[in-house]
Amino acid sequence: MTYWLGLPALAATHGAQIDSLIGWTHVFMLVLFVGWGGFFAYALVRFRRSRNPVANYTGVKSHASNYSEIAVAVVEAILLFAFSVPIWAARVDHIPPESDALVVQVTGEQFAWNVHYAGPDRVFGRTDIKLIDLQSNPLGLDRSDPAAKDDITTVNQLYLPVNKPIIVKLRSKDVIHSFNVPEFRVKQDAVPGFTIPIWFIPDITTADMRTRTGNPEFQYEIACAQLCGLGHYRMRGFVTVQSAEEFQKWMEEQSQAQAESDPFR
Ligand SMILES: [Cu+2]
């Protein structure tokens, strides 16, 4: 029902709920806008100077305006407590168990998204701030840690399997960034000093989206949604959603290739 809002294509399972909330908010705000606008126009005419040469110090006696203000407050309370809070709680409170999900760490920095997968063993290797090298090891991954041997890191490339819960653990190295993928209806600040989880289930692969949109170059894009510095405009990453098999294959290839390129192996 929300096509009239011109929202981006939808590619995550929880997105329809968010879209309907955005839709209802617009409907109520439209009603308010027309209502208050109409009242304003009425007041301009009704209380014009030629008809009211002397000010009336008593003012309005009817309670209609009180009632309409109460009605507005009630509608807003319904929007907040019946729609927004439950949806928000479902997003932040009911995170699926990590055993059923793909967990990926995404660390924002000026001006890139560093992506870290635990690899086939599903255990994240140790990272150490002393090992950070902006060119070769932006996350400071310690490849001498056994758990790190199969880890995968990428810059600005997030690969995800379709129809599986994804938990993104967001961090930042420097300033506040914001992880925003419009098609997944996710937007969360990455704050230095915190690890903030967000989760979603992408349900349309990049290939399917290319067919649907008729755009062979379509890419899901991670936009940084907080003005984070001079290079903010170029802080964007790409998300590739693949079938489970394709993703598995990608993970194995990357894991092997990155382990082999490691000088400390
Ligand atoms: Cu940023």
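These are my notebook entries on a copper site and a sheet in a predicted model.

**Copper site**

I looked up the protein donors of the copper ion and found H177 through ND1, C224 through SG, C228 through SG and M235 through SD, lying 2.1 to 2.4 Å from the ion. I then checked the angles that the four donor atoms subtend around the copper ion, and because these run from 92 to 122°, I have entered the arrangement as tetrahedral; the cut-off I applied is that all angles lie between 85 and 135 degrees.

Along the sequence I noted the spacing of the donor residues as H-x46-C-x3-C-x6-M. Taking C224 and M235 as a pair, I placed C224 in strand β9 (residues 220-224) and M235 in the loop between β9 and β10 (236-242), 11 residues apart. I also looked up their accessibility, and both C224 and M235 are buried.

**The sheet**

I traced five strands in an open sheet, in the order β4-β10-β9-β6-β7, and recorded the pairing as mixed. At the edges I found β4 (157-161) and β7 (186-190), each with a single partner strand, so one side of each has no neighbour in the sheet. For the twist I have an average of 25° from one strand to the next.

Turning to β4 and its partner β10, I noted that the two run parallel and are joined by five bridges; looking up L158, I found that its bridge partner in β10 is V239.

**Helix α4**

Last, I followed helix α4 (residues 244-260), which lies across β4 and β10 and runs at about 135° to β4.

How values were computed:
Residues are numbered from 1 along each chain as its sequence is written. This is a predicted model: local features need pLDDT of at least 70, side-chain atom pairs count only at pLDDT 80 or more; totals for chains, interfaces and linings use all residues. Side-chain values use heavy atoms; hydrogens and water are left out. Donors are N, O and S atoms within 2.8 Å of the metal (3.2 Å for Na, K and Ca); water is not among the atoms, so sites may look incomplete. Four donors count as tetrahedral if all angles lie between 85 and 135 degrees; four count as square planar and six as octahedral if opposite donors are over 155 degrees apart and all others between 65 and 115; anything else is irregular. Helices (H or I, at least four residues) and strands (E, at least two) are DSSP runs, numbered from the N terminus. Buried means under 20% relative accessible area, exposed over 50%, partly exposed in between (1.4 Å probe, protein chains only). Two strands pair if DSSP finds at least two bridges between them. Axes are lines fitted to C-alpha atoms, for helices over the stretch in contact, and angles run from 0 to 180 degrees between N-to-C directions. Contact means heavy atoms within 4.5 Å.
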